[in-house]
Amino acid sequence: MSDLVRFGISLEKDLLDKFDALIRRRKYTNRSEAIRDLIRQELLKKEWEEDREIAGAITYIYDHHQRDLLNKIIDVQHDFQDVIQSSQHIHIDHHTCLEIVAVKGNSRAVSSLADTLKAIKGVKHGALSVSGTGKIK
Ligand code: NI
């Protein structure tokens, strides 16, 4: 772990009260951890904007009975094989499948894959969750 540095922050009481209420709702045990997470989020956003390498997961559901849908999804996954690390298929019920695709690559390629999958007719609730690659401590 890198060295811890302490620093003070001055801000209006109203703003601090709102921040404290927010971090209580989000289950943070102290302000430091909440501020650390905010900073990490901003750094991750910057990596995203600069098309740096990111990692995450794309999740979506679909009805596997829908004609040609499975083939289209598989075609797209093959087109992005350099970005896809693994995928997991879960049968939710008789019709519905859930897929979780683990991804690692430049943010532009990862978001292009997520957008392409979400745009396939019949793919529902597509979402990309980004976790970074762990370089931001
Ligand atoms: Ni299935």
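Before you start clicking, one bit of vocabulary: buried means under 20% relative accessible area, exposed means over 50%, and partly exposed is in between, with a 1.4 Å probe and protein chains only. What you have open is a predicted model, where local features need pLDDT of at least 70, side-chain atom pairs count only at pLDDT 80 or more, and totals for chains, interfaces and linings use all residues. Residues are numbered from 1 along each chain as its sequence is written, and side-chain values use heavy atoms, with hydrogens and water left out.

**Whole chain**

Show the protein chain as a cartoon. You should find four helices and four strands, where helices (H or I, at least four residues) and strands (E, at least two) are DSSP runs numbered from the N terminus. Going along from the N terminus, the order is α-α-β-α-β-β-α-β. The chain is more spread out than a compact globule, because its radius of gyration is 20 Å, well over the 14 Å that the globule rule gives for 137 residues. (That radius is taken over C-alpha atoms, and the rule is 2.2 Å times the number of residues to the power 0.38.) Along the principal axes, the C-alpha atoms fill a box of roughly 60 × 30 × 25 Å.

Now switch on the surface. About 9900 Å² is exposed, with carbon and sulfur atoms supplying 52% of it; these areas come from the Shrake-Rupley method with a 1.4 Å probe, and for residues only the protein chains shown count as cover. Buried residues make up 26% of the 137.

**The nickel ion**

Next, select the nickel ion. Which protein atoms are its donors? They are His89 (NE2), His91 (ND1) and Cys97 (SG), at 2.0 to 2.4 Å from the ion. Donors here are N, O and S atoms within 2.8 Å of the metal (3.2 Å for Na, K and Ca); water is not among the atoms, so sites may look incomplete. Along the chain, the donors follow the spacing H-x1-H-x5-C. Colour two of them by accessibility: His91 counts as exposed at 64%, while Cys97 counts as buried at 2%.

**Two positive phi angles**

Most residues other than glycine have a negative phi. Select Asp68, which is not a glycine but has a positive phi of about 70°. Asp68 sits in the loop between strand 1 (53-63) and helix 3 (69-79), and its 41% relative accessibility makes it partly exposed.

Then jump to His125, another non-glycine with a positive phi, this time about 55°. You'll find His125 in strand 4 (residues 123-130). Buried or exposed? His125 is exposed, with a relative accessible area of 63%.

**Along helix 4**

Last stop: helix 4, starting with Ser107. Ser107 is buried, at 2% relative accessible area. Not counting residues up to four places away in sequence, Ser107 touches Glu47, Trp48, Asp51, Arg52 and Ile54, contact meaning heavy atoms within 4.5 Å.

Move on to Lys118, also placed in helix 4 (residues 107-119). Lys118 counts as partly exposed, at 37% relative accessibility. Leaving aside neighbours within four places in sequence, Lys118 is in contact with Val123, Gly126 and Ala127. To finish, draw a C-alpha to C-alpha distance from Lys118 to Leu43: they are 26 Å apart in space and 75 residues apart in sequence.
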